[in-house]
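Student: I am new to this structure and would like a close look at a single part. Please start from one residue and work outward.

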Amino acid sequence: MKEVKQLEEASRVKKGSGSPDRNTASEAKSVTIPFAWLYASALLFLTLPLFMFFIGYLRLAVGIPLTLAFLAILFYAISDCLNDPNGVKLSDRSKEIEIPLSYLIGCAVTALLISFVTGVGEYIFTLQDHQYRRAIMRDLVNYDWPVIYNYSTQQNQEVREIFGIASGERAFSYYFLYWMPAALAGKIFGFEFGNFVLLLWNSLGIFLCFLVSSAAIRKYSPWVPFMFVFFSGLDAIPNVVHLFTQYSSWRWFEGFVPVMTYVSNFRELASVFNQMVPCFLVVGLLLLSNNTRSTGLTAGILFAYSPWAVFGIIPIVGAVLFGKKHRAETMAKTLFNTFSPSNITSAVLLLVVLGSYYGANSSATGVRGFAWTYFDNPVLFIPAYLAFVAIEVLPFAVILYKSKKDDALFWVALITLLVIPFYKITDMNDFSMRGSMPALFLLCIYMSDIVAEVMNEKNTPTTKKGWAKSAAIMLTVILMMVPALFNGFIIFGSIITGDPSDKEDIGSFGNINKAEYAEVIQEQFFTEDYKNCFFYKYFAKKT
């Protein structure tokens with residue numbers, strides 16, 4: 001239970017400072033990063049694919065003005081990031097973040113390793129959904145933008161029978177912006193090169209997640225990337241129970257009750273990295289923010305990557321906008337910050353453009369309703385809900401309560417996680433799995449802080465109560481690791497046993513290899529009669 005000495009020393013900060021004490025950190029080589037640079041790097045990572053979407057997917061008369069507008073908003077957000085809610089420049093001390101060089105190198109290597117192991121680029125055996133991810137990447141490389149498919153290109157007869165039509169067109173429909181930089185590289189240098197760029201791009205995103213969350217809690221500890229990978233509910237407990245009971249409602253390792261599912265970080269990284277990495281960055285930026293005049297961009301950009309996660313980010317944004325940290329001296333100034341031109345413009349434009357794109361395919365959200373209506377006996381929802389909360393939410397509420405009881409974000413995150421299970425959208429309930437991400441990631445960052453403190457050798461407890469608390473926290477951490485270890489066992493076990501890869505089961509949405517995927521693809525990835533949809537009539541390039 002010891003941290004590397006130089007990392008522990010570098011994590012100590014002067015009160016009110018975002019950088020380590022220069023005297024205590026003198027034994028370790030460190031890199032000083034201006035706060036604005038870190039803030040700008042995260043924002044650029046999130047907005048660059050958006051600019052590529054504007055220029056590459058939209059007609060120039062729409063794309064160029066949108067790009068210029070968001071460039072102006074981006075520049076304002078970066079230039080204003082060191083001003084407090086009253087518009088006063090913060091002290092010079094807060095402008096620098098001093099990070100141990102060993103921590104930077106360790107985070108970079110870890111980020112690359114995580115991307116590789118979780119299957120980005122499909123270089124090793126992958127978990128579910130990568131056949132879809134690979135098809136998205138291939139079609140963004142091989143097709144013109146916007147991507148339009150023709151039924152006649154489907155060579156598999158079973159697929160054609162499922163579609164029930166032999167000619168005509170449909171448009172690609174998905175939140176695909178995360179692939180844009182890699183797809184552009186693939187268009188120039190080929191698909192495999194683009195896939196390699198995707199691996200690097202995702203690694204960069206994870207690296208920025210490490211730095212942003214570390215800066216948010218002011219600790220540069222290896223427990224930050226550890227928690228990023230292993231954070232999860234205590235799903236190990238119901239899995240053990242299942243071994244003895246074999247109850248019929250069992251679905252999968254992290255779906256131990258019907259309808260309700262919160263997913264571990266590792267599983268998110270291994271299946272929906274395109275949603276998780278941007279969402280984690282957005283949560284980190286909200287924690288780092290010094291004012292709310294650009295929250296419309298820093299939080300609204302999440303709509304480009306995960307419309308489901310927007311359900312979960314809205315309550316957190318509300319707490320940020322009116323929380324103590326971001327409250328100006330006068331209510332008038334607070335309201336001006338909230339409804340600033342930057343916030344209104346970015347939120348409205350993102351909603352109109354991306355909302356019209358997502359809205360063109362309504363079939364993907366056809367399954368919806370209150371959770372208890374999906375039980376044979378609605379009364380059974382109550383014990384299922386209580387068990388779910390006890391496994392997925394309660395442990396973190398108890399551990400974090402003492403240190404975060406005065407933190408509005410903590411309470412908003414808990415309330416959000418308690419409310420989400422009451423409703424279901426889509427067959428697999430993306431509303432639950434992805435809408436929970438912002439609140440879970442907030443708790444993940446807070447848990448990084450607590451675990452780093454517990455593992456600090458200088459904080460070794462001296463009382464029975466202190467030992468009991470530390471033991472409870474570490475037992476929670478050990479149980480949290482089980483889902484990631486289980487999925488890691490599947491990945492590496494499949495490599496050792498030579499299990500065949502399913503990454504090419506689809507190939508392309510324009511020519512599907514295996515018919516078993518056709519119905520899901522038709523429902524979730526196609527927009528029929530797209531030429532009469534608002535987005536394609538007024539925003540998209542002519543095809």
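Student: Which residues does Ile445 touch, not counting residues up to four places away in sequence?

Tutor: Keep in mind that this is a predicted model. Ile445 touches Ser213, Ile217, Phe280, Val283, Gly284 and Leu287, leaving out residues up to four places away in sequence. Its own place is in helix H21. The relative accessible area of Ile445 is 0%, so Ile445 is buried, a term that applies under 20%. Ile316 is 129 residues from Ile445 along the chain. The C-alpha atoms of these two are separated by 14 Å.

Now take a helix that packs against H21. The buried residues of helix H19 pack against H21 (437-454). They also pack against helix H12 (273-288), helix H14 (307-322) and helix H18 (394-404). Which residues of H19 are buried? They are Leu409, Phe410, Val412, Ala413, Leu414, Thr416 and Leu417. A general rule helps in reading such a list. An α-helix has 3.6 residues a turn, so residues three or four places apart point the same way.

Check the length of H19 too. The helix covers residues 408-419, which is 12 residues. At 1.5 Å a residue, the expected span is 16 Å. The end C-alpha atoms are 16 Å apart, so the two values agree. Look also at the start of H19. There, a side-chain oxygen of Asp407 comes to within 2.9 Å of the backbone nitrogen of Leu409.

Next, go back to H12 and the loop after it. Arg293 lies in the loop between H12 and helix H13 (295-298). Is Arg293 buried or exposed? Its relative accessibility is 3%, so Arg293 counts as buried. Set aside its neighbours within four places in sequence, and Arg293 is in contact with Tyr76, Asp80, Asn83, Asp84, Pro85, Gly87, Lys333, Asn337, Ser340, Ser342 and Asn343.

Two of those partners, Ser342 and Asn343, are among the buried residues of helix H16. The others buried in H16 are Ser346, Leu350, Val353, Leu354, Ser356, Tyr357 and Tyr358. H16 has 19 residues, so at 1.5 Å a residue it should span 27 Å. Its end C-alpha atoms are 26 Å apart, which agrees.

Now turn to the aromatic rings. The structure holds 61 aromatic pairs. One of them joins Phe45 and Tyr178, with ring centres 6.2 Å apart and planes at 70°, so the pair is edge-to-face. Phe45 sits in helix H2 (residues 35-57), and Tyr178 in the loop between strand S4 (169-172) and helix H7 (180-189). The two are 133 residues apart, so this pair links distant parts of the chain. Both Phe45 and Tyr178 are buried.

Another pair brings us back to H16. The rings of Phe176 and Tyr357 have their centres 5.9 Å apart and their planes at 80°, so this pair is also edge-to-face. Phe176 lies in the loop between S4 and H7, while Tyr357 is in H16 (residues 341-359). They are 181 residues apart, and the pair again links distant parts of the chain. Phe176 and Tyr357 are buried.

Phe176 leads to the wider picture. The largest nonpolar core has 185 residues. Phe53, Phe172, Phe176 and Phe509 have the most contacts inside it. Take Phe509 last. Not counting residues up to four places away in sequence, Phe509 touches Tyr132, Ala135, Ile136, Asp139, Tyr149, Gln154, Phe172, Ile521, Phe525 and Phe526.

Note on methods. Residues are numbered from 1 along each chain as its sequence is written. Side-chain values use heavy atoms; hydrogens and water are left out. A nonpolar core is a set of buried Ala, Val, Leu, Ile, Met, Phe, Trp, Tyr and Cys residues joined through side-chain atoms within 4.5 Å. Buried means under 20% relative accessible area, exposed over 50%, partly exposed in between (1.4 Å probe, protein chains only). Contact means heavy atoms within 4.5 Å. Helices (H or I, at least four residues) and strands (E, at least two) are DSSP runs, numbered from the N terminus. The expected span of a helix is 1.5 Å times one less than its number of residues. A polar contact is a pair of N or O atoms within 3.5 Å; within protein, one must be able to donate a hydrogen and the other to accept it, and residues adjacent in sequence count only if both atoms are side-chain atoms. Rings of Phe, Tyr and Trp (its six-membered ring) pair if their centres lie within 6.5 Å; planes under 30 degrees apart count as stacked, over 60 as edge-to-face and the rest as tilted.
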